[in-house]
Amino acid sequence: MNRFAPTRAAGALSVDELTNSRRLRRMRKAAWSRRLVQENHLTVDDLIWPMFVVEGKNVRQPVEAMPGVFRYSVDIAVKEAERAAKLGIPAIATFPKVDLSLRDDTGSHILDPDNLINCTTRAIKAAVPEIGIITDAALDPFTSHGHDGILRDGIIANDESVEQITAAAVLQAAAGSDIIAPSDMMDGRIGMIRAALDANGFQDVAIMSYATKFDSAFYGPYRDAIGTAGLLKGDKKTYYINNANSAEALREAEQDILEGADMIMVKPGLPYLDIVRLLKDQFSMPTFAYQVSGEYSMIKAAAANGWIDGERAMLESLLALKRAGCDGILTYFAPTVAEMLKR
Ligand code: PBG
């Protein structure tokens, strides 16, 4: 009754006429030709491995919301660093889970030259000098309230925080850190850290600025991993960038570059590809993204449910960051990817 058989309209153009014989599928027809025209590649040189460390000996504590991720005691962190170096991973970024008894209002334990972060750096540098060590100078693992800065009457005291972060950065450099990566978003921290590093003879220690760190829900599992989740009062909206803004991100990055950042970072990663591209095009700086804990957990959780192919999603997400303009990526997948690439 209602049968309708579509026919080509009389006089309609053929595909060759429509496309002028330009057929993009030609180069996609075989694996060899797809390989030949592939524009971006992920290699082990792109990987920075964020690693959680904890007090103790012979400890490998699983991080619940991040299957495959552990908190390592320093001795095991050294072994893992050796493994990373053998895999060809260029650098590790360490994050400490500091004992609750050592945390206070101002995060003063960050100024202990023998705190967990500095001990880890020294131990890894002694055993595996060829791997790069990146340390964070933010106060959040050390404060009893989980904020990245010092709280005074409920307000983050910018300048006082910067003084403390800067002193911590110098101690981290003295312990052997190659790159200081302050993740706190306080104003003026890059310039202050650069000046202090130089004044103390650490001209060769670089700064990777968490230039555009956005207020984000994707940090959840990390806060569990370093034990700040239950501590944090309020939110970090007075220092992280509003995730609706990109012009402000551009200004943040420009400011950090002017103050002396050697490398800039966008954090989180995948939801902020536009920012990566914007910064890369604008500044031509070494540009990195941090594929954060929540991004890792989403892929792992969906894969564990059989809803996505976890391995392909992992590689696709990392390649997407490369395509957007990243020179490298901080990712919890680093050792897994490095092993895959080796095969
Ligand atoms: C805080 C800090 C955060 C991360 C690293 N350092 C964010 C936060 O807790 O607010 C997030 C890393 C991740 O989610 O993987 N200075």
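**Exercise 1. Find the volume of the second largest pocket, then describe its lining.**

Step 1. The second largest pocket has a volume of about 190 Å³. This comes from a predicted model.

Step 2. Locate the centre. The lining has 16 residues, and the closest to the centre are Trp49, Gly68, Tyr72, Tyr332 and Pro335.

Step 3. Assign elements. Two or more lining residues come from each of β1 (47–54), β3 (70–72), α3 (74–87), α10 (293–304) and α12 (334–342). The largest share is that of β1, with four residues.

Step 4. Sort by class. The lining of the second largest pocket holds 10 nonpolar, two polar and four charged residues.

**Exercise 2. Do the same for the largest pocket.**

Step 1. Start with volume. The largest pocket encloses about 310 Å³.

Step 2. List the lining. Residues from the N-terminal part of the numbering include Met27, Arg28, Arg34, Arg35, Val37, Gln38, Glu39 and Asn40. The lining also includes Glu316, Leu319, Ala320 and Arg323.

Step 3. Assign elements. Helices α2 (31–36) and α11 (310–324) are the elements that give two or more residues to this lining. Helix α11 supplies the largest share, four residues.

Step 4. Sort by class. The lining of the largest pocket splits into four nonpolar, two polar and six charged residues.

**Exercise 3. Place strand β9 among its neighbours.**

Step 1. Check burial. Strand β9 covers residues 206–213, and eight of its eight residues are buried.

Step 2. Take one partner. Strand β8 (residues 179–180) pairs with β9 in the parallel sense, over two bridges. Ile179 stands opposite Ala206 in β9.

Step 3. Trace the connection. From β8 the chain passes through helix α6 (residues 189–199) to β9, and this β-α-β crossover is right-handed.

Step 4. Take the other partner in this exercise. Strand β10 (residues 263–267) runs parallel to β9, and four bridges join them. Lys213 has Lys267 in β10 as its bridge partner.

**Exercise 4. Which residues are the closest to the centre of the largest cavity?**

Step 1. Count the cavities. The structure has two of 30 Å³ or more.

Step 2. Size the largest. The largest cavity holds about 100 Å³ of space.

Step 3. Read off the residues. Of 16 lining residues, Lys213, Tyr219, Tyr222, Tyr240 and Lys267 are the closest to the centre. Lys213 and Lys267 are also the bridge partners from Exercise 3.

Step 4. Assign elements. Strand β9 and helix α7 (220–225) each give at least two residues to the lining.

Step 5. Sort by class. Eight residues of this lining are nonpolar, two are polar and six are charged.

**Exercise 5. Describe the second largest cavity and follow Tyr222.**

Step 1. Give the volume. The second largest cavity has about 40 Å³.

Step 2. Name the lining. Its residues are Phe95, Pro96, Ile117, Asp136, Ala138, Pro141, Phe142 and Tyr222. Seven are nonpolar, none is polar and one is charged.

Step 3. Follow Tyr222. Tyr222 lies in helix α7. Tyr222 lines the second largest cavity, and Tyr222 is among the residues closest to the centre of the largest cavity.

Step 4. Decide on burial. The relative accessible area of Tyr222 is 11%, so Tyr222 is buried. The cut-off is under 20%.

Step 5. Take one distance. Tyr222 and Pro62 are 160 residues apart along the chain, and their C-alpha atoms are separated by 12 Å.

**Exercise 6. Is His147 buried or exposed?**

Step 1. Place the residue. His147 sits in the loop between β5 (132–135) and β6 (151–152).

Step 2. Apply the area. His147 has a relative accessible area of 5%, so His147 is buried.

Step 3. Look for a partner. The His147 side chain makes a polar contact with the Tyr239 side chain, at 2.6 Å.

**Exercise 7. Inspect the backbone at Pro268, Ser21 and Met185.**

Step 1. Take Pro268. The peptide bond joining Lys267 and Pro268 is cis, with omega about -10°. Pro268 belongs to the loop between β10 and α9 (273–283).

Step 2. Take Ser21. Ser21 is not a glycine, yet its phi is positive, about 65°. Ser21 lies in the loop between α1 (15–19) and α2.

Step 3. Take Met185. Met185 is not a glycine either, and has a positive phi of about 65°. Met185 lies in the loop between β8 and α6.

Step 4. Set the two side by side. Ser21 is partly exposed, with a relative accessible area of 37%, whereas Met185 is buried at 4% relative accessibility.

Key
Residues numbered from 1 in each chain as written. Predicted model: local features only at pLDDT ≥ 70, side-chain atom pairs only at ≥ 80, totals over all residues. Heavy atoms only, no water. Buried < 20%, exposed > 50% of the residue type's maximum accessible area, 1.4 Å probe, protein only. Pairing = 2+ DSSP bridges. Right-handed = clockwise from strand over helix to strand, strands pointing away. 1 Å grid on protein atoms, 1.4 Å probe; cavity = no way out; pocket = protein on both sides within 12 Å on 5 of 7 lines; lining within 4 Å. Points joined across faces, edges and corners; volume = space filled by probe spheres on them. Nonpolar A, V, L, I, M, F, W, Y, C, P; charged D, E, K, R; others polar. Polar contact = N/O pair within 3.5 Å; in protein donor to acceptor, adjacent residues only side chain to side chain.
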